[in-house]
Each structure stands twice: as structure tokens, then as C-alpha cells.
Amino acid sequence: MEKVTSKQMNLIDSFCIKAIGIPGIVLMENAALKVIKNIDLNSYNNFTIVAGVGNNGGDGLAIGRHLSVLGKNVNVFVIGNVRHGSKDFVTNYSILRNMNIHIHHILEREDLKHLQKSVRSSEMVIDAIFGTGLSRNIEGLFERTISIINKSDNFILSVDIPSGLSSDTGEILNTCIKADKTVTFQLLKKGLVENSGEKYAGEIVVEPIGMPKIAIEKGLRNF
Ligand SMILES: NC(=O)C1=CN([C@@H]2O[C@H](COP(=O)(O)OP(=O)(O)OC[C@H]3O[C@@H](n4cnc5c(N)ncnc54)[C@H](O)[C@@H]3O)[C@@H](O)[C@H]2O)[C@H](O)CC1
Ligand SMILES: [K+]
């Protein structure tokens, strides 16, 4: 199976959006629905969603919306500065607010007790903190958040990449989510099957999200 780097994925992404005209929010919605497809909805009713403020976080918020609409109990946490949020993250953030779905913001250590309480009462954590945009060592509140999630006895499903794993090299950037399952979008990211990837990714499922072959070939030609 073809393995790609984050650079190649970004090329494919931007070709889809800019050259073909598939809006990023459409890809994000497709991604969210493919994660829902990989959740056994008969076995899980209580979820903790932990989202960063990039598009990986946007995926997480869209997943939370669908789970809520399906009648599941969902606690949504956002970590990072929403004002720095990506465009598509902000779209999904606003939708949740308009639906009066409470969003817990992890801004200081004090806020972690709400996360601790949530993971004690949930059965599954959706890890949507970082995806292919992880760019430096994870520290501070992000590190503590990952530790709380890893110590919980929840089933951990990572969106695209376990947060903390480099999608290019499979190295851990100081700490990493230890996922039971990773649903990765469209193509297998190199880091998932190299170095620490296999130890942290859990079961890997590659789910197409509607990217046309013409876009994929564009990205694969650039390495
Ligand atoms: N490629 C596709 O076809 C699709 C990808 N989707 C999802 O988008 C993410 C990639 O999103 P991106 O916005 O590029 O980056 P991330 O969300 O992974 O994170 C970037 C975010 O995090 C900040 N950051 C990076 N490193 C750190 C750190 N160590 N500490 C704190 N903050 C950090 C950075 O500043 C950004 O704010 C991909 O994985 C998919 O899940 C689409 O949604 C679907 C199509
Ligand atoms: K993730």
C-alpha cells in the first residue's frame, strides 16, 4: 500500500481544494463520517472528544456533532487557542456552539480536572489533538492531557494519526497517545508503520474521504 508524507498529503489536499474545488469542509465532513463508520455504535454510548485547533481538531468536532445527533453522550474538549483555529476548525466549532453543545476549553491545569472526570465516565476517547500538522515537541498542558487520556481505561480512537507521532518518521515528539485504533484518511501515512508508529497506532484503518485519483497522483509524484 502506498505510504505518504505530510508534505505529499498537503499537496493532495490543496490540489483537491484549489485546483478541483472540493472545499476543505467537505473533506472534513467525509473524514468525520468515516470515523463514525468505524465506531461500534451498539457498544459505545459515552464519548470524550479532545480536539486541537487545527483541521485534526475540526475533524474531532464534526465527529462529536454526529455522535451527539445520534443521541450519544458526548463531552467535547478543545485544547489550544481557538483564535488561532484553522478555518474549517472554526466552522465546526461555531456549529457546535449554535447547537448549544457545551465545549470545555483546556486553558490551564485547573481545567484538566474536567477532562479527568469525563474520561472516568466515558467509554471511548476520540483523539483529535494533532494530525499531520504536528510540528514540534509536545509540552505543558498538551503533555498532561495526553497523559490523562493514556492512563484512562477508555478505548482510544485516534483521528488520522495518534497525537504525538510524527506522520513522516514515526518518531514520538516527547509524548504520544497510545491508540487502540487509528482511522487514517485516504492514504497510509509513513509514520504509522515506521519506528514507534506500530506501537502507538493500534489497529490501522485507511479510509478514503473522496479525493479523486487525479489529486492523489499529483501528490504522489512529488516526494
Ligand atoms: N489531508 C487531508 O486530506 C485532510 C486532512 N484533514 C485533517 O487535517 C489534519 C491536518 O490538519 P492541520 O491543520 O494541518 O494540522 P493539525 O490539526 O495536525 O495540527 C496543527 C495545529 O497544532 C499546532 N501544533 C503543532 N504542533 C504542536 C505542538 N507540539 N504543541 C502545540 N501545538 C502544536 C499547530 O500550530 C496547529 O494549530 C489531518 O491530520 C487530518 O486529520 C482534514 O480534516 C480532512 C482532509
Ligand atoms: K490525532
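This is a short talk on one predicted model, going from its annotated domain to its pocket and a few residues.

Okay, hi everyone. Keep in mind that what you see above is a predicted model. Let's start with the record. UniProt, in an unreviewed entry, lists residues 9-217 as "domain: YjeF N-terminal". In the model, that span is 41% helix and 19% strand. The C-alpha atoms at the two ends of residues 9-217 lie 11 Å apart.

Now, the pocket. How much space lies in the largest pocket? About 780 Å³. The lining has 34 residues, and the ones closest to the pocket's centre are Gly54, Asn55, Asn56, Gly131 and Gly133. If you'd like to find it by elements, look for α1 (6-20), α2 (24-37) and α3 (55-69), which are the elements giving two or more residues to that lining. As for the make-up of the lining, we have 15 nonpolar residues, twelve polar ones and seven charged ones.

Next, the annotated site. The same kind of caution applies here: the UniProt entry is unreviewed, and its "binding site" annotation covers Asn56, Asp127 and Ser163. Why can we say that these three gather at one spot? Well, they span 108 residues in sequence, but no two of their C-alpha atoms are more than 9.5 Å apart, so they do come together in the fold. And to link this back to the pocket, Asn56 is included in the lining of the largest one.

Let's zoom in on Asp127. You'll find Asp127 in strand β5, residues 124-128. Is Asp127 buried or exposed? It's buried: the relative accessible area of Asp127 is 0%. Beyond its sequence neighbours within four places, Asp127 is in contact with a list of residues including Val50, Asn56, Ser158, Ser163 and Ile177. So both of the other annotated residues, Asn56 and Ser163, turn up among the contacts of Asp127. One of those contacts is polar: the Asp127 side chain meets the side chain of Ser158 at 2.6 Å.

Over to Ser163. Where is Ser163? In the loop between β6 (155-159) and β7 (181-185). Ser163 is buried too, again with a relative accessible area of 0%. Leaving out residues up to four places away in sequence, Ser163 touches Asp127 and Ser158, and also Ile129, Phe130 and Cys176, among others. A polar atom of the Ser163 side chain lies 3.4 Å from the backbone nitrogen of Ile129.

Two asparagines before I stop. Asn81 sits in the loop between β3 (73-79) and α4 (87-98). At 29% relative accessibility, Asn81 is partly exposed. The side chain of Asn81 reaches the backbone nitrogen of Arg83 at 2.9 Å. And how many residues apart along the chain are Asn81 and Gly52? The answer is 29, while their C-alpha atoms are separated by 8.6 Å.

The other one is Asn38, in the loop between α2 and β2 (46-51). Why does Asn38 count as buried? Because its relative accessibility is 16%, and buried means under 20%. Setting aside neighbours within four places in sequence, the contacts of Asn38 are Leu157, Lys181, Val183, Val205 and Glu207. Leu157 may ring a bell, as that residue is also on the contact list of Asp127.

If you take one picture away, make it Asn56, Asp127 and Ser163 gathered at one spot, with Asn56 in the lining of the largest pocket. Thanks, everyone.

Notes
Residues numbered from 1 in each chain as written. Chains lettered and ligands numbered in written order. Predicted model: local features only at pLDDT ≥ 70, side-chain atom pairs only at ≥ 80, totals over all residues. Heavy atoms only, no water. 1 Å grid on protein atoms, 1.4 Å probe; cavity = no way out; pocket = protein on both sides within 12 Å on 5 of 7 lines; lining within 4 Å. Points joined across faces, edges and corners; volume = space filled by probe spheres on them. Helix = DSSP H or I, 4+ residues; strand = E, 2+ residues; numbered from the N terminus. Nonpolar A, V, L, I, M, F, W, Y, C, P; charged D, E, K, R; others polar. UniProt positions renumbered as here; feature names shortened; annotations may be inferred. Buried < 20%, exposed > 50% of the residue type's maximum accessible area, 1.4 Å probe, protein only. Contact = heavy atoms within 4.5 Å. Polar contact = N/O pair within 3.5 Å; in protein donor to acceptor, adjacent residues only side chain to side chain.
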